[in-house]
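Student: Pick one residue and walk me through its surroundings up close, please. Then zoom out to the interior packing.

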Amino acid sequence: MEQAVNRLLILADDLTGALDSGVQLTLKGEHVVILTDRDVEFPEDDSVDVIVVDTETRHVTGEVAANIIKALIHKAQDRGIKRIYKKTDSGLRGNVGAELAAVLEASGAKHLNFIPAYPATGRKTVNGVQYVNGKPLAESIFAKDPINPITVSRIDELIHFGSDVHVVSGNSSEKRGIVVYDAETNDDMRRIAQKLEAEGDLDITAGCAGFLEVFPVRKRITEKVKFQSFDHKLLILSGSVNDITRSQLDYAEKHGAYRVHVPMNRILKNLWSNHEKEHFIDMVEENAGDSNIIIVDTLGIYDPEYLVDPEEAAHTIAVNMGHLASCLLRKYPDRTVMIIGGDTLQGFIRNKGISILRPIKEIDPGIVIASYRYGDYENYLITKSGAFGSDDQLQRVLKWIESSSSE
């Protein structure tokens, strides 16, 4: 029971977010497992320190999201787990208010500490306002998200879109409801973590992966993680529509990557048949040649009318991209696979029937290597959230693969 009490449950609303958060604690020496399906039973292995659950609640209604979060917390409590971390999107997309309020209600806590900043990636919180690369959130790239556009910059206003829960500043002496902390630097984040640890107030917490970088743990890593060799060629599948990802893909294409768009209208109308996918893959093989980077993405032209139902559109894209990824892997079994965007990653995981991932290493913020078992073999997968990184990020990943394989 003592092990269960010390165990940490992290709830993330998509799979790349689950990996981003879990890997921070892996790097600190914690034994982390990521459950790709919220209905999978929690592992009973006493060596597991952290359980991360991909709740897949980014695109559902606030009410549905809240009920899922409450059910998972009650499930954890039944197993003796009391420590909860609600991982939020670094751009505060999704059902942030509804899910934070659900954590507060289900846990029975009087308050929840919320640290939404991630200074290493340009996300800062100043006087309760969220900034992304110097711009207020509602003026940032997240304002143009076609599925989850952000329209406010104040965190209390954003929370109140999904709940009427009480919100106070971390500078206030009042500790009730959601307590939002400002942070502009990594040192700010460390000071908050140290303060909350000293007060014994880390059991019910929320934030993006940034706060988990400074989250206190009981272990320290003692040996370097070793990998099997990676193939020096990348196969990238991207389902992200974020402008940062778009710039990265454009840059890679200009520097020699082979790139092709999937037929978005066919996908959104749910008309892209398996036969058409096979023909598409044959076309990729014929035209890509021996390119170091092959990119297949969802940034082709489409009719906006097919995005009327964001949840249905996201699901349809994920299913098609997941199936396509599995088919491409059969065609390119030796390439190192990288998947950009949580929905596409979830589609791939479901298509392969993978229920557990183990985060291993973070190449750069938001870019994670994870392992999974498929059949009798351990496989590796590189994942990336859509809204992170520099224009040359994909070339940087390729260089890292080359250097790590030669060690």
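Tutor: Strands here are DSSP runs of E with at least two residues, and helices are H or I runs of at least four, both numbered from the N terminus. With that settled, let's go to Gln130, which sits in strand β7 (residues 129-132). Bear in mind that this is a predicted model, where local features need pLDDT of at least 70 and side-chain atom pairs 80 or more, while totals for chains, interfaces and linings use all residues. Numbering runs from 1 along each chain as its sequence is written, and side-chain values use heavy atoms, with hydrogens and water left out.

Gln130 counts as buried because its relative accessibility is 0% (buried is under 20%, exposed over 50%, partly exposed in between, with a 1.4 Å probe on protein chains only). Its side chain has a 2.6 Å polar contact with that of Thr125 (N or O atoms within 3.5 Å, one able to donate a hydrogen and the other to accept it; sequence-adjacent residues need both atoms in side chains). Skipping residues up to four places away in sequence, Gln130 touches Thr125 again, plus Ser90, Leu92, Pro116, Lys135 and Ile155, among others (heavy atoms within 4.5 Å).

Now the interior. The largest nonpolar core (buried Ala, Val, Leu, Ile, Met, Phe, Trp, Tyr and Cys joined through side-chain atoms within 4.5 Å) has 65 residues, and Leu25, Phe211, Val262 and Leu324 have the most contacts inside it. Helix α11 (residues 310-331) gives the most to this core, eight residues. Apart from it lies another core, of 41 residues, including Ile69 and Val165. Back in the largest core, Leu25 is in contact with Leu8, Val50 and Phe215, among others, leaving aside neighbours within four places in sequence.
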